[in-house]
Amino acid sequence: YRHLSYAAVAMRVRHYADHLAALGAERGQRVAILSKNRAEWEMADLACQKLGLISVSRFSTLPASQVGTILADCGAAFIFVSDAKQLGKIAEIAADLPELKTAIAFDTAPSVAVPVTTPLPTWPPMRRAGSRSPQPT
């Protein structure tokens with residue numbers, strides 16, 4: 001368990017929303033979230049709401065083929081992934097998802113590259129070394 005203040009959550013939501021906007025996200029687009037339950041999942045969903053995007057959540061236990069079917073059906077332009085394992089699933093199916101522009105990893109320095117039209121961005125560190133609470137970036 002780790003405590004996050006409302007101010008820290010609001011800061012991260014703004015950061016995620018600003019990042020999506022910088023990537024070209026437009027009101028009404030779909031953004032998928034492929035992650036286990038974690039605080040960043042909720043913050044990504046709130047960022048989508050802030051920008052008028054439609055979030056489409058997926059169970060992290062689904063195999064790549066099922067994730068691909070769902071992403072193709074909803075036409076997601078962006079996807080948040082929790083880690084390299086989830087990113088690997090996207091790497092397997094990205095060629096079949098022409099509308100998918102960018103995969104965004106919650107964890108920094110993922111080990112798998114995703115062949116999408118925009119380079120894979122990662123979040124800047126949210127905590128400074130030795131800090132228990134998020135710091136502004």
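Here is a short walk through this predicted model, one selection at a time.

**Start with the whole chain.** Show the protein chain as a cartoon and follow it from the N terminus: the elements run α-β-α-β-α-β-α-β. That makes 4 helices and 4 strands. If you colour by burial, 44% of the 137 residues count as buried. Contacts also reach along the chain: among those between residues at least 6 apart in sequence, 66% join residues at least 24 apart.

**Now select the strands.** They form an open sheet of 4 strands in the order 2-1-3-4, with parallel pairing. Which strands stand at the edges? Pick out residues 54-58, strand 2, and residues 102-105, strand 4. Each has a single partner strand, so one side of each is left without a neighbour in the sheet. Look along the sheet and you can see the turn from strand to strand, which is 25° on average between neighbours, ignoring direction.

**Zoom in on strands 3 and 4.** Strand 3 covers residues 78-81, and 4 bridges join it to strand 4, with the two running parallel. For a landmark, select Phe 78 and look for Thr 102 opposite, in strand 4.

**Add helix 4.** Select residues 84-93 and you have helix 4, lying across strand 1 (30-34), strand 3 and strand 4. Helix 4 runs at about 150° to strand 3.

**Stop at Lys 89.** This lysine sits in helix 4. Is Lys 89 buried or exposed? Lys 89 is buried, yet has no salt bridge. The nearest side chain of opposite charge belongs to Asp 83, 7.7 Å away. Show what surrounds Lys 89 beyond four places in sequence, and you find it touching Leu 34, Ser 60, Thr 61, Leu 62 and Ala 64.

**Next, the largest nonpolar core.** In soluble globular proteins, nonpolar side chains tend to be buried together. Here the largest such core has 18 residues, and the members touching the most others are Leu 34, Val 67, Leu 71, Ile 79, Val 81, Ile 90 and Ile 93. Strand 1, helix 3 (64-74), strand 3, helix 4 and strand 4 each give two or more residues to this core. Helix 3 gives the most, with 4 residues.

For a close-up, select Ile 93: leaving aside neighbours within four places in sequence, Ile 93 is in contact with Ala 64, Val 67, Gly 68 and Leu 71.

**Last stop.** A second, separate core has 17 residues, and you can find it by selecting some of its members, including Val 13, Ala 17, Ala 25 and Ala 44.

How values were computed:
Residues numbered from 1 in each chain as written. Predicted model: local features only at pLDDT ≥ 70, side-chain atom pairs only at ≥ 80, totals over all residues. Heavy atoms only, no water. Pairing = 2+ DSSP bridges. Axes fitted to C-alpha atoms, helices over the stretch in contact; angles between N-to-C directions. Contact = heavy atoms within 4.5 Å. Buried < 20%, exposed > 50% of the residue type's maximum accessible area, 1.4 Å probe, protein only. Lys, Arg positive; Asp, Glu negative; His and termini not counted. Salt bridge = Lys/Arg side-chain N within 4 Å of Asp/Glu carboxyl O. Core = buried A, V, L, I, M, F, W, Y, C linked by side-chain atoms within 4.5 Å.
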